[in-house]
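Me: I have a structure open and would like to go through parts of it with you. Could we start with a side chain and then move on to helices and sheets?

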Amino acid sequence: FKGDDTCEYLLSSGRFLGDRVWQPHSCMMHKYKNSEAKNCLIDKHIAFIGDSRIRQLFYSFIKLINPQVKEEGNKHGNIPFEDKSASIKVDFLWYPEVNGSMRQRIKSWTEAATAKPHIIVAGAATWSIKIHNGSNEALTQYKINITSIAPLLEKLAKSSDVYWVLQDPVYEDMLSESRKMITNEKIDAYNEAAVRILNSSSRNSKAKVKVFSVSKLIAQETIMKSSDGLHLPESSRETNAMILMNVYCNKILKPIDGSCCQPQPPLTLIQKLAFCFFTLSFIGYLIINLIHRNNYRKNKPCNDLENGEEKKPAVSTPAVSTLEMLLHSFCKLGLIMTYFYLCDRANLFMKENKFYTHSSFFIPIIYILVLGVFYTENTKETKVLNREQTDEWKGWMQLVILIYHISGASTFLPVYMHIRVLVAAYLFQTGYGHFSYFWIKGDFGVYRVCQVLFRLNFLVVVLCIVMDRPYQFYYFVPLVTVWFMIIYVTLAIWPQIVQKKANGNCFWHFGLLLKLICLLTCIFFLSYSQGAFEKIFSFWPLSKCFELNGNVYEWWFRWKLDRYVVFHGMLFAFIYLALQKWQILSEGKGDPLFSTRVSNVLLFISVACFLTYSVWASSCKNKTDCNELHPSVSVVQILAFILIRNIPGYIRSVYSSFFAWFGKISLELFICQYHIWLAADTKGILVLIPGYPMLNVMVSTFIFVCVAHEISQITNDLAQIVVPKDNPTLLKRLLCMVGFFSGLLLFSAIQDQSRH
């Protein structure tokens, strides 16, 4: 750990991921768009001063502001650039040698009464080598000149950002005869002199001239693609310009995926209160533990020396109290949340950008599928979508989604479209599972609702507090929570139609279908009426939950993307349970689901539909167009998979215990990955062991899975305590929760006001 100044890493070290993706050591680089660059540099003056290499950097930099700029004008003269819409002024000043002329220009900035440039990028050396034929006298004069310039640059660094660009290596075989004297040995000597003088000069000064040495590393990999052996190819220049933009703009705009040069965010009021709460829980648990240990010692059996018999204690050791279990759970949770904070809020561990390759996605997929098949066991029951099968389904889907996220496969459209189906399948199971429960059990009590809501939302609420993120940031939990409430309201409102009632009169089946048609109509209306949707979720306090970046558009987009699939899940459950009741299905062990002929036909159609959807998804060219079709067609592959998995009896009778184990903690895995497996809120990858990517993934994955499993246990324990079955006690707990969330909203409002 070398401190939290990731700017030094950004300016001095890194490596290439693939051909054109530069990865700084320890931090993430944001790719700035034109609008972002203008927003950062508004009312700024930037000066590039140096030779033709600095001119190249100048052009690449202004193309980040305006891509239409052409490299025209006098190559050996000053070149101005101005963006009047954002009041940005960028100048290139032609000073090919570090000499008196350059010194005079820099000195004029230090003495000028007018505003100095906000950013100064300087560098030169190759012209000195060329003009003086690589003589040692030229190097000596270079040292003298840069020694005289260094104090002036330091003076400017007090109010401006000053960068000295070291000289890139050359590709000597491609150099023209007039440049043959420019050798890498000479360049290294000039660079060494510049670094030594600038570092020694700024040792006793608070203001520091930043040495831009990363360009050398980039050039070492790419100079072979140069057109003349001296100037960098365009892709390398763009990378250097993007690094400059990150160094200056990250601390201003604070992009999520630009961790380089970003300071650690200060603790908010709510985070401080959370820290105090976990600390008090820890102290309380220690006190109770010490009291219990002391009581145990007092009641410990002892030998009666007179009779030679062992005396039994009068009081037995008490069972673990509810308070002790509560404090124990909060202690564990506090330690886990500390790890979350250190991983993704403190600048303690390194973060890196994702980089997609086909092998990084498909090889792990094949590996886990082989593992899953290896752990095959017989199911306890052989019904369609039995508990073990649904856990298995959730498990392998979650593992595929995790690999998709860490490999950055969202950039590959065919993979993205298939992952969208997996997310839709989760929501399909939400519709199927909750409908089946309410239809069969007829339990619409408050206890059931509170249990489900607590289990879904507990971890996310804690993370919103500890990680200072809005509820909508963890979009999947709000999605399943809202859909659960929609299912509950649809079935609970009058008339309440359940299986027991419907069995007595078939008329009630039509009543339920009418309810489902009304639900579908509402979904259809809201999906095509963004205004109405936004009005519903813009009312306080709903807006506090569903807003992201000041509006509910993101929530509307997420909801709309899979708007029909929960309804499909409910309808499938209704049809399946009706067929089961009418004894049309054969669900015995090893038996096909239908008659042999029907089973074969359905199996053939299912395989054809499954493959057809995959072919369509793989041929997608435009993400927006495919997303428009996705809500209507995703159910095709989901139903095809269910039939393929359940029609053959021998396949329905077995399941993978490996996948099922992960399926039981799938929600925790999905949420925990945001901060302790990925990094920068899923935009990058957490690096616990730098320099060893495979070992790092193994270690971070092991910790991540263990933490997710532990949080699942904590949630289950707390659910029993916080949501009791006793109605009067439950009502009191609900009032406490209302008070807690009211306090949270109040503190959040105070926090927002202080930020503004």
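Reply: Certainly. Glu 392 is buried, as its relative accessible area is 8%, and the cut-off for buried is under 20%. Please note that this is a predicted model.

Me: Which helix does Glu 392 lie in?

Reply: Glu 392 belongs to helix 13.

Me: And what is Glu 392 in contact with, leaving aside its neighbours within four places in sequence?

Reply: Its contacts are Arg 645, Tyr 655, Ser 656, Phe 659 and Ala 660. For Ser 656, the backbone nitrogen is 2.8 Å from a polar atom of the Glu 392 side chain.

Me: How many residues of helix 26 are buried?

Reply: Six of the eight residues in helix 26 (residues 657–664) are buried, so the helix is mostly covered. They are Ser 657, Phe 658, Phe 659, Ala 660, Phe 662 and Gly 663.

Me: What covers them?

Reply: The cover includes helix 12 (358–374), helix 13 (387–407), helix 27 (666–676) and helix 28 (693–722), together with strand 12 (376–378) and strand 13 (654–656).

Me: Changing topic: at what angle do helix 18 and helix 22 pack?

Reply: Helix 18 (residues 507–527) packs at about 170 degrees to helix 22 (residues 565–581), and their axes are 11 Å apart. Helix 18 is therefore roughly antiparallel to helix 22.

Me: Which residues meet there?

Reply: Helix 18 contributes His 509, Leu 512, Leu 513, Leu 516, Leu 519, Leu 520 and Ile 523, while helix 22 contributes Phe 567, Met 570, Leu 571 and Phe 574. By class, this contact has ten nonpolar residues, one polar residue and no charged residues.

Me: Now the sheets. What is the strand order in the open sheet of six strands?

Reply: The order is 4-5-3-6-7-8, and the pairing is mixed. Strand 4 (79–83) and strand 8 (210–212) are at the edges with a single partner strand each, so each has one side without a neighbour in the sheet. From one strand to the next, the twist averages 15 degrees.

Me: How many bridges join strand 6 to strand 7?

Reply: Four bridges join strand 6 (residues 119–123) to strand 7 (residues 161–165), and the two run parallel. Ile 119 has Asp 161 in strand 7 as its bridge partner.

Me: What does helix 9 lie across?

Reply: Helix 9 (residues 234–253) lies across strand 3 (45–50), strand 6, strand 7 and strand 8, and runs at about 160 degrees to strand 7.

Me: Finally, how is the sheet of three strands paired, parallel or antiparallel?

Reply: The pairing is antiparallel, in an open sheet with the order 11-15-14. Strand 14 pairs with strand 15 (residues 684–687) over two bridges, and Leu 678 has Ile 685 in strand 15 as its bridge partner.

Technical notes: Residues numbered from 1 in each chain as written. Predicted model: local features only at pLDDT ≥ 70, side-chain atom pairs only at ≥ 80, totals over all residues. Heavy atoms only, no water. Axes fitted to C-alpha atoms, helices over the stretch in contact; angles between N-to-C directions. Parallel < 35°, antiparallel > 145°, perpendicular 65-115°, else oblique. Contact = heavy atoms within 4.5 Å. Nonpolar A, V, L, I, M, F, W, Y, C, P; charged D, E, K, R; others polar. Pairing = 2+ DSSP bridges. Buried < 20%, exposed > 50% of the residue type's maximum accessible area, 1.4 Å probe, protein only. Polar contact = N/O pair within 3.5 Å; in protein donor to acceptor, adjacent residues only side chain to side chain.
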